[in-house]
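Biologist: Please take me closely through one part of this model, namely the open sheet and the nonpolar core that shares a strand with it. I should like a connected account that I can follow with the structure before me.

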Amino acid sequence: MIVQDHPYFCNMPDDMQYYRPDVFPPGFIEKSMVFALPDRLKKFRRNLWHVRRNPGEDAVYMPLFRVDCILKTDPPPLGFQGPLDVYPFYTRTTKTRSRELDYYVLFIFREKLSFMRCQELVGKG
């Protein structure tokens, strides 16, 4: 996968969880979810993004919007169910013109040092 304008990225950790609202509002269901990051990744909360695939055949992705995050030690958000395991976290997929959209959640970094540090903490380094 290639993320446009971002040479450094890594997957979210296996021990990440999420909270879902009791009732999903209209629009992107991902925007109403709250992801619970392990405490060891607290410095990387601003780097976690949903990315989406560009139209076309190439596997090129672009950042879509920042993920709403809390730490696992934070109190759970009111009006939400969870914490739930991240995979699979879609209850329904978003469709455009009867096509399912391809979404991922990735940590995106602008410099290699932060990328390497996060990979080490995620356990992929």
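Modeller: Two strands count as paired if DSSP finds at least two bridges between them. By that criterion, strand E3, residues 17-21, pairs with strand E4, residues 34-37, through three bridges, and the two run antiparallel. Please bear in mind throughout that this is a predicted model. Within this pair, glutamine 17 lies opposite alanine 36 of E4.

E3 and E4 belong to an open sheet of four strands, whose order is E7-E4-E3-E8 and whose pairing is mixed. Strand E7 (69-71) and strand E8 (80-85) are the edge strands; each has a single partner strand, so one side of each has no neighbour in the sheet. On average, neighbouring strands of the sheet are turned by 30 degrees against each other, direction ignored. As general background, the strands of a sheet pair through backbone hydrogen bonds, in either a parallel or an antiparallel manner.

From E4 one may pass to the core. The largest nonpolar core comprises 23 residues, and Phe35, Leu37, Leu41, Leu48, Phe107 and Cys118 have the most contacts inside it. At least two of its residues come from each of E4, E7, strand E11 (103-109) and helix H1 (112-122). The greatest contribution is that of H1, which supplies four residues. In soluble globular proteins, nonpolar side chains generally tend to be buried together.

Leucine 41 shows how such a core residue is surrounded. Apart from neighbours within four places in sequence, leucine 41 is in contact with Pro13, Phe107, Cys118, Leu121 and Val122. A second, separate core has five residues, among them Val3, Val51, Tyr61 and Leu106.

Cys118 deserves a further remark. With a relative accessibility of 0%, cysteine 118 is classed as buried, because the limit for that class is under 20%. Cysteine 10 is likewise buried, at a relative accessible area of 6%. The structure nevertheless holds zero disulfides. The sulfur of cysteine 118 is the nearest cysteine sulfur to cysteine 10, at 3.9 Å, and cysteine 10 is in no disulfide. Cysteine 118 is in no disulfide either, its nearest cysteine sulfur being that of cysteine 10, 3.9 Å away. A disulfide requires the two sulfur atoms to be within 2.5 Å, so this pair does not qualify.

Technical notes:
Residues numbered from 1 in each chain as written. Predicted model: local features only at pLDDT ≥ 70, side-chain atom pairs only at ≥ 80, totals over all residues. Heavy atoms only, no water. Axes fitted to C-alpha atoms, helices over the stretch in contact; angles between N-to-C directions. Buried < 20%, exposed > 50% of the residue type's maximum accessible area, 1.4 Å probe, protein only. Core = buried A, V, L, I, M, F, W, Y, C linked by side-chain atoms within 4.5 Å. Contact = heavy atoms within 4.5 Å.
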